[in-house]
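Q: I am new to this structure and should be grateful for a close look at a single part. Please take the salt bridges as the centre of the account, and then place them in their surroundings.

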Amino acid sequence: MVHFLVIMRPTSGGSVPGTVSLVVAVTGHRDLHREDFHDLEMDVGRILAGLRGEYPNTPLLMLSGLAEGADRIAVRAAKASAVPYIAVLPMPEHLYRADFETEESDSEFGQLLNGAVRRIVLPLAAGASLSDVARPGESRDVQYERLGDFLVNYSQILIAIWDRKRTRKKGGTSEVVAMKLGEKRESGRMAAGPVYELLARRVRHGAEMPIGVKFAVQYPLGSGAKDYDEIYKLLEQYNTDVVEAGPRLAAAAEKSRSDLFDGALPTGLTEAMQWVATVYSWADTLAIDFANRSLRLWKAVFALLAIGGVGLTWLHTLNGGWPMLLVYYACLGFAFLLARWELKGRRRERHEDYRALAEALRVQFFWMAAGFPDLAAEQYLRKQAGEMVWIRDAMSECGLYEEVLERSRGAGAGAPARIALVQKWVESQARYFLKTSLEHEKKRKAFNLFAKIAAAAGLLVPLLALLAPSLEHRPEPRFETWSHAVAAIAMWWAALAWNYSERRGFVEEARQYGRMYDLFHTADQDLKQLETEGTERSFERAEEIIGELGREALAENGDWLAMHRERKVKPGPGV
């Protein structure tokens, strides 16, 4: 049994556990006119207030490098708006503070740094040393470029306080804006998004205000406000569901969290792992809840249609009169209203979204537990971008922890411990996929058998009625009428059974879970063999299998959501 030491910390900004943040990064010039600071802070405050009003249950989180000028203006506005912020330093603190020449500026930096809910120090670029970064030059500029890349990749919205003059300075505001708008890419992530621009004047350019609109929002080419609003509303919908379901589903979420560890006592979870486990437990719980609620409604719809078919048949074949007509229309009306209520509530879509989020977070958790450096949010393919944008954005928040960067530098548990830690996950997943695949296949066969028997009855009963007069013992006069009624009802129910099986997707689900069982079962056997060998090369190969397994699971996850999605989210080619 694997144990971790749990270190509980309060949720930043007072947000509800299980919710995910809308992350806002800031970039801009350092040499802004001091007399403009107050107005710019008020402008940033209005942006944050607007986002909070539009998405009230979604916590806001700001990323800032805490440099002089724009960075600190935004942070002061965030503090005034009670928005938590993370300090992202492009280099070790003692080297970074060399940029702040006055004692007042250095003191303000220290105060703002202490007020951050978290601080992240970006690792040095490959081949760079502390002495290289300590002095002005190429290596130091590269670190600022890495800062811009980080802000772009881990935020959904960028606030730029600048003069809107495009330059080619490495790591400069212009470059960061270009990256966010998808015009310049420094990494493989698809992290383009809107840029909220505040026009500001710079000391080096004099006292004249640049010509232009004071506030504007720019979007990546091919996308617009509606596209991103739809993405953020999906994030808001998830957070709203977490907040509203808190008292009702708290026990279920706790059980889901326990099931993540296969019933073992979790100890030693890092801060990032705690965040992933908490969000996973709520996404999993909500997915199950909405699946059950949607299923109950659709069962009621099909039951009403089945009863309505009986009423209609009785009306036309057995002279049921107006009572049967009333039964038919009542069942049809209630079925229609329930179906509309289900479609309007989007319970099935929310189940699909939250299931995809939960499964992706499950992969992320065990990658973290195994010390694997990749982030699941970066693994979704472009063909899945439309369906997975909000899910990818939600997951990327787990990258805002120092230990995630530490893992990328090679820190973490030893290889044997990693394999042992992941083994239980692989085993339990293989068992789950096999069991679920067999259950779906069993249900498919049961409904198909019922439909075949009902269809056969619908075909044979009228035929028997036609042959009955040739028999020695003539049947009752109403036998033919009843046979027609039975045939009509049987054919109606056969159609409903086939349609229900199709609606539930038993065939596709059984195949999907079967494929996932093959994937995890094979990985389980390989990991056990490599664990037995116990060589350095076998541990390296085990790490490769863990990475491949996670990527395969994420690809299957994205394809599953794309297959089931009834509405497409297309934020444009820049995303």
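A: A residue is called buried here when its relative accessible area is under 20%, exposed when that area is over 50%, and partly exposed in between. The model is a predicted one, and every value below is computed from it.

With that cut-off in hand, one may begin with Asp163. Its relative accessible area is 5%, so Asp163 is buried. The side chain of Asp163 meets that of Arg202 in a salt bridge, with a distance of 4.0 Å from N to O. Asp163 belongs to the loop between β5 and α7, while Arg202 belongs to the loop between β6 and β7; the pair therefore ties together parts that are 39 residues apart in sequence. Arg202 has a relative accessibility of 13%, and it too counts as buried.

This pair does not stand alone. Asp163 and Arg202 belong to a network of salt bridges that also links Asp31 and Arg204. In the structure as a whole there are 32 salt bridges.

The loop between β6 and β7 takes part in a further link. The side chains of Arg201 and Glu35 form a salt bridge, at 3.3 Å from N to O. Arg201 is placed in the loop between β6 (195-199) and β7 (215-218), and Glu35 in the loop between β1 (22-28) and α1 (37-54), so this bridge joins parts separated by 166 residues in sequence. The two partners differ in their accessibility. Glu35 has a relative accessible area of 54% and is therefore exposed, whereas Arg201, at 13%, counts as buried.

Attention may now return to the loop that holds Asp163. Arg164 is also placed in this loop, which runs between β5 (157-162) and α7 (173-180). The backbone of Arg164 deserves notice: its phi is positive, near 65°, although the residue is not a glycine. Most residues other than glycine have a negative phi. Arg164 has a relative accessibility of 23% and so counts as partly exposed, in contrast to Asp163, which is buried at 5%.

A positive phi is also found at Leu66, where the value is about 60° and the residue, again, is not a glycine. Leu66 is placed in the loop between β2 (60-64) and α2. Its relative accessibility is 0%, so Leu66 counts as buried.

The helices that border these two loops may be described next. Helix α7, which follows the loop of Asp163 and Arg164, packs with helix α6 (residues 138-153): their axes come within 9 Å and cross at roughly 30°. The crossing of α6 with α7 is right-handed. On the side of α6, the residues that meet α7 are Glu145, Gly148, Asp149 and Val152; on the side of α7, they are Glu175, Val176, Met179 and Lys180. By class, this contact comprises three nonpolar residues, one polar residue and four charged ones.

Helix α2, which follows the loop of Leu66, packs with α4. Helix α2 spans residues 70-80 and α4 residues 103-115; the angle between them is about 45°, and their axes lie 12 Å apart. At that angle α2 is oblique to α4. The crossing of α2 with α4 is left-handed. Helix α2 contributes Arg72, Val75, Arg76 and Lys79 to the contact, and α4 contributes Ser105, Glu108, Phe109 and Leu112. These residues divide into three nonpolar, one polar and four charged.

One further salt bridge offers a contrast with those that tie loops together. Glu441 pairs with Arg444, and their closest N and O atoms are 2.4 Å apart. Both lie in helix α14 (residues 415-467), and because they are three residues apart there, about one helical turn separates them. Glu441, with a relative accessible area of 24%, is partly exposed.

The wider setting can be given briefly. The protein chain contains 17 helices and seven strands. Of its 575 residues, 53% count as buried. Among contacts between residues at least 6 apart in sequence, 80% join residues at least 24 apart. The salt bridge of Glu35 with Arg201, whose parts are 166 residues apart, and that of Arg202 with Asp163, whose parts are 39 residues apart, are examples of links between separate parts of the sequence.

Key:
Residues numbered from 1 in each chain as written. Predicted model: local features only at pLDDT ≥ 70, side-chain atom pairs only at ≥ 80, totals over all residues. Heavy atoms only, no water. Axes fitted to C-alpha atoms, helices over the stretch in contact; angles between N-to-C directions. Helix = DSSP H or I, 4+ residues; strand = E, 2+ residues; numbered from the N terminus. Parallel < 35°, antiparallel > 145°, perpendicular 65-115°, else oblique. Left-handed = near helix turned anticlockwise from the far one by under 90°. Contact = heavy atoms within 4.5 Å. Nonpolar A, V, L, I, M, F, W, Y, C, P; charged D, E, K, R; others polar. Buried < 20%, exposed > 50% of the residue type's maximum accessible area, 1.4 Å probe, protein only.
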